[in-house]
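Reader: I'm new to reading protein structures, and I keep losing track of which side chains go with which. Could you take a close look at how the side chains pair up, and go through it slowly?

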Amino acid sequence: MNAPDKAFAQSRAGQESEHFDVIVVGAGISGIGGAYHLQDQCPGTSFVVLEALDSYGGTWWTHRYPGIRSDSDLHTFGYRFKAWTSAPIATAAEILKYMGEVIEENDLARHIRYRHRIESAQWSSQTNLWTVQVRRGDDGALLTFTTGFLWMCQGYYRHSKGYTPQWPGMETFKGRIVHPQTWPEDLDYTGKQVVVIGSGATAATVVPAMAQKVGHITLLQRSPTYFIPGRNADDLAETLRQLDIDENWIHEIVRRKILRDQAVFTKRAREESETVKQELLKGVRAFLGPDYDVDKHFTPSYRPWRQRIAFVPGGDLFLGIRSGKASVETDEIERFTEKGILLKSGKTLEADIIITATGFDLCPLGDIVFDIDGKRLNLADTVTYRGMMFTGVPNMLWVMGYFRASWTLRADLLGDYMARLLKHMKATGTQRVTPQLRPEDSDMPLGPWMDPDNFNPGYLMRGQHLLPRSGNKPEWQHTQDYWMEKDTLPNAPFDDGCLRFE
């Protein structure tokens, strides 16, 4: 059913519903990119972007903690179709401005509806349609949409709250406990004693951003992580600008160089892990000096790239430590007390504010209830098809980006795939596409969606039971390898039996 925008159909309940060829779920970096690709590559396709928040941006709109910035370069985190012209590591405000320009330059605002939260989606094989129930935030009305295809661009974590472990004695603490994901606007930390629990990119951002105003800030981590300190600039980009090269050319050239360098680094992290480890630690020692206990506080127990490595622009985290305004404790929490945290070593950290930079709450399908022909969908019962579709789930494409490369690289690749898939279905007169295991896959061993030996951040390990299974063949894996997928995804066949078209 290919009705134009604003056309109406009748839902199964008999109430008026609005129909679109494609519903894009979420107006974050993936959803805005998806809208661009649909408009650019599939002209005439009707679509709407439904966003639960008040504006576009996703992570960059939700997160308001001090210093929020990207932890990867914007030459590759930016879209391939729009040049990034500023420093590689960008603030949330800069990223939102960039996304806003994409929306304005491509007239995408007319396709986006904010404060539209999807509550449920039901697939019918009789009509080959999804019926989507949406709660409109302005007035609380329950709206009904129908669509031929769902493009899940809502991200992988719950925006309403982050993950906070429950430690003994938390209720006795007399100060404030804050998760960065829900940062309160009224939090005054001037002159305060602050403890930040965590060791990832968020903690490494919050600590230097708060260091100048607090009395003292302590980074408390159970175990260290790897960081790459360096100048927030790209030498090649600066040279090309001095030569008056067009910004679009600069964007493409710098992207290619960064991606080549990342491929080399990723390969070396796997094959020369000890050498790469020492190189990373040398960069930290250059800021902290020979007397700082880097072995204890900044030497992880795992090889590089088993968890994401954050870039620290200007080494600001380490400069804060060297100045004495910030410090690091590597220990475990025994319990909270009225005045702070008692560590298992017996040491007490006094605090007015405790910040739990302890990660995301994994939410693969955005808290949407899915039913397929009357049967409730449990994602863990499915097998992933190339990390973007699920066996037994028709007409749905799911965007999950890369962990070792920028998220948006995969969002762009999946935009191309989506356009190619829709064109194929139109050309063949098919209305339904469903991933299915082939006869030769019947005895294929199934494992977790992500091999813990390959990549094992806490939020993923906590939430593996929520994710689909994977097989031992590339069609049934999320490879996390951009340098392979940039060639395989554009050429992934439609006739190899993995996809059933009807």
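**Who pairs with whom**

Author: Let's start with glutamate 119, which is partly exposed, with a relative accessible area of 33%. Keep in mind that this is a predicted model. Who is the partner of glutamate 119 in a salt bridge? That's arginine 135: the two side chains meet with N to O at 3.0 Å. Glutamate 119 belongs to strand 5 (residues 116–124) and arginine 135 to strand 6 (residues 129–136), so this pair ties together parts that are 16 residues apart in sequence. Arginine 135 counts as partly exposed too, at 33% relative accessibility.

How many salt bridges does the structure hold? There are 37, so let's just pick a couple more. One joins the side chains of lysine 473 and aspartate 441, at 2.8 Å from N to O. Here distant parts of the chain are linked, 32 residues apart: lysine 473 is in the loop between helix 12 (458–463) and helix 13 (482–488), while aspartate 441 is in the loop between strand 23 (433–435) and helix 12.

Is aspartate 441 buried or exposed? It's buried, because its relative accessible area is 1% and the cut-off for buried is under 20%. Lysine 473 lands on the other side of that cut-off: at 22% relative accessibility, lysine 473 counts as partly exposed. These two aren't alone, either. Arg438, Glu440 and Glu475 join Asp441 and Lys473 in a network of salt bridges.

Glutamate 502 and arginine 500 make another salt bridge, with their closest N and O atoms 3.1 Å apart. Both partners are partly exposed: glutamate 502 has a relative accessible area of 38%, and arginine 500 has 33%.

Charged side chains can also sit over rings. Arginine 462 lies over the face of tyrosine 163, 3.5 Å from the ring centre. Lysine 213 does this with tyrosine 189, at 5.0 Å from the ring centre.

That takes us to rings meeting rings. A pair of aromatic rings is described by the distance of the centres and the angle of the planes. The structure holds 29 aromatic pairs. Take tryptophan 84 and tyrosine 98: their ring centres are 5.2 Å apart and their planes sit at 70°, so the pair is edge-to-face. This pair also links distant parts of the chain, with tryptophan 84 in the loop between helix 3 (74–77) and helix 4 (92–105), and tyrosine 98 in helix 4, 14 residues away. Both tryptophan 84 and tyrosine 98 are buried.

Now try phenylalanine 390 and tryptophan 398, an aromatic pair that is tilted, with 5.3 Å centre to centre and 50° between the planes. Phenylalanine 390 counts as buried at 1% relative accessibility, and tryptophan 398 is buried with a relative accessible area of 1%. Back at Trp84 and Tyr98, ring pairs link them with Tyr36, Tyr79 and Phe81 into a cluster.

Strands have their own way of pairing. Strands of a sheet pair through backbone hydrogen bonds, either parallel or antiparallel. Strand 9 (residues 193–197) and strand 10 pair in the parallel sense over 5 bridges, and isoleucine 197 stands opposite leucine 220 in strand 10. Why is strand 10 (residues 216–221) largely enclosed by the rest of the structure? Because 6 of the 6 residues are buried. In a regular strand the side chains alternate between the two faces of the sheet. Here, His216, Thr218 and Leu220 point one way from strand 10, and Ile217, Leu219 and Gln221 point the other way.

For an antiparallel case, look at the open sheet of 3 strands with the order 14-15-16. Strand 14 (333–336) and strand 16 (348–350) stand at the edges with a single partner strand each, so one side of each has no neighbour in the sheet. From one strand to the next, the twist averages 20°. Strand 14 is joined to strand 15 (residues 340–343) by 3 bridges, and arginine 335 stands opposite leucine 342 in strand 15.

One last contact is at the start of helix 6 (residues 235–242), where a side-chain oxygen of aspartate 234 reaches to within 3.0 Å of the backbone nitrogen of leucine 236. After helix 6 comes aspartate 244, whose phi is positive, near 60°.

Definitions and conventions
Residues numbered from 1 in each chain as written. Predicted model: local features only at pLDDT ≥ 70, side-chain atom pairs only at ≥ 80, totals over all residues. Heavy atoms only, no water. Salt bridge = Lys/Arg side-chain N within 4 Å of Asp/Glu carboxyl O. Helix = DSSP H or I, 4+ residues; strand = E, 2+ residues; numbered from the N terminus. Buried < 20%, exposed > 50% of the residue type's maximum accessible area, 1.4 Å probe, protein only. Pairing = 2+ DSSP bridges. Axes fitted to C-alpha atoms, helices over the stretch in contact; angles between N-to-C directions. Phe/Tyr/Trp six-rings, centres within 6.5 Å; stacked < 30°, edge-to-face > 60°. Lys NZ or Arg CZ within 6 Å of the ring centre and 35° of its normal. Polar contact = N/O pair within 3.5 Å; in protein donor to acceptor, adjacent residues only side chain to side chain.
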